[in-house]
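Me: Got a minute to go through this one with me? I'd like to start with the charged pairs.

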Amino acid sequence: SNVSLGHHVYINHHVELGSNSCGLEIGNYVQIAPYVCIMNEMHEYSRTDIPMYEQKGLITGKVIIEDDVWL
């Protein structure tokens with residue numbers, strides 16, 4: 001329900017689209033190649049004084065892919 005696809009969108013095989021409450025918006029005439037991964041959240045990594053493994057939290061945001069894009 002948080003994913004919006006435009007017109008004439010081609011999504012090839014083994015594509016991963018991650019969507020949380022932030023959403024994912026793909027415009028018109030977008031082509032996505034095989035094995036592309038589009039995520040709208042990732043692990044926190046802002047602190048340089050501790051190892052990445054020990055950092056807690058997520059960075060989230062809406063992903064917007066505009067019209068006429070090839071990935």
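Me: Which residue does Lys 62 form a salt bridge with?
Reply: Lys 62 pairs with Glu 25, and the closest N and O atoms are 3.1 Å apart. Bear in mind that this is a predicted model.

Me: Where do Lys 62 and Glu 25 sit in the chain?
Reply: Lys 62 is in the loop between β8 (58-60) and β9, while Glu 25 is in strand β4. The pair links distant parts of the chain, 37 residues apart.

Me: Is Lys 62 buried or exposed?
Reply: Lys 62 is partly exposed, because its relative accessible area of 47% falls between the 20% and 50% cut-offs. Glu 25 is partly exposed too, at 31%.

Me: How many salt bridges does a search of the whole structure find?
Reply: The search finds two. Besides the Lys 62 and Glu 25 pair, Asp 49 forms a salt bridge with Arg 47, with the closest N and O atoms 2.6 Å apart. Asp 49 is exposed, with a relative accessible area of 55%, and Arg 47 counts as partly exposed at 45%.

Me: OK, switching to the inside. Which residues make up the largest nonpolar core?
Reply: That core has nine residues: Val 15, Leu 24, Ile 26, Val 30, Ile 32, Val 36, Ile 38, Val 63 and Ile 65. The elements giving two or more residues to this core are β4 (24-26) and β9 (63-65). As a general point, nonpolar side chains in soluble globular proteins tend to be buried together.

Me: What is Ile 32 in contact with, leaving aside neighbours within four places in sequence?
Reply: Ile 32 is in contact with Val 15, Ile 26 and Ile 38, among others, and those three are also core members. Its contacts also include Tyr 10, Ile 11, Asn 12 and Leu 71.

Me: And Ile 11, where's that one?
Reply: Ile 11 is in strand β2 (residues 10-11) and is partly exposed, with a relative accessible area of 34%. Together with Val 3, Leu 5 and Leu 17, Ile 11 makes a nonpolar surface patch of about 300 Å².

Me: Now Asn 40. Buried or exposed?
Reply: Asn 40 is buried, since its relative accessible area is 5% and the cut-off for buried is under 20%. Asn 40 is found in the loop between β6 (37-38) and β7 (41-43).

Me: Which backbone oxygen lies 2.9 Å from a polar atom of the Asn 40 side chain?
Reply: The one of Gly 23. Leaving aside neighbours within four places in sequence, Asn 40 has contacts including Ser 19, Cys 22, Leu 24, Ile 59 and Val 63. Leu 24 and Val 63 belong to the largest nonpolar core.

How values were computed. Residues are numbered from 1 along each chain as its sequence is written. This is a predicted model: local features need pLDDT of at least 70, side-chain atom pairs count only at pLDDT 80 or more; totals for chains, interfaces and linings use all residues. Side-chain values use heavy atoms; hydrogens and water are left out. Patches are made of residues with over 30% relative accessible area and no salt bridge: like charges are joined within 9 Å, nonpolar side chains (Val, Leu, Ile, Met, Phe, Trp, Tyr) within 5 Å. Accessible areas come from the Shrake-Rupley method with a 1.4 Å probe; for residues, only the protein chains shown count as cover. A salt bridge is a side-chain nitrogen of Lys or Arg within 4 Å of a carboxyl oxygen of Asp or Glu. Helices (H or I, at least four residues) and strands (E, at least two) are DSSP runs, numbered from the N terminus. Buried means under 20% relative accessible area, exposed over 50%, partly exposed in between (1.4 Å probe, protein chains only). A nonpolar core is a set of buried Ala, Val, Leu, Ile, Met, Phe, Trp, Tyr and Cys residues joined through side-chain atoms within 4.5 Å. Contact means heavy atoms within 4.5 Å. A polar contact is a pair of N or O atoms within 3.5 Å; within protein, one must be able to donate a hydrogen and the other to accept it, and residues adjacent in sequence count only if both atoms are side-chain atoms.
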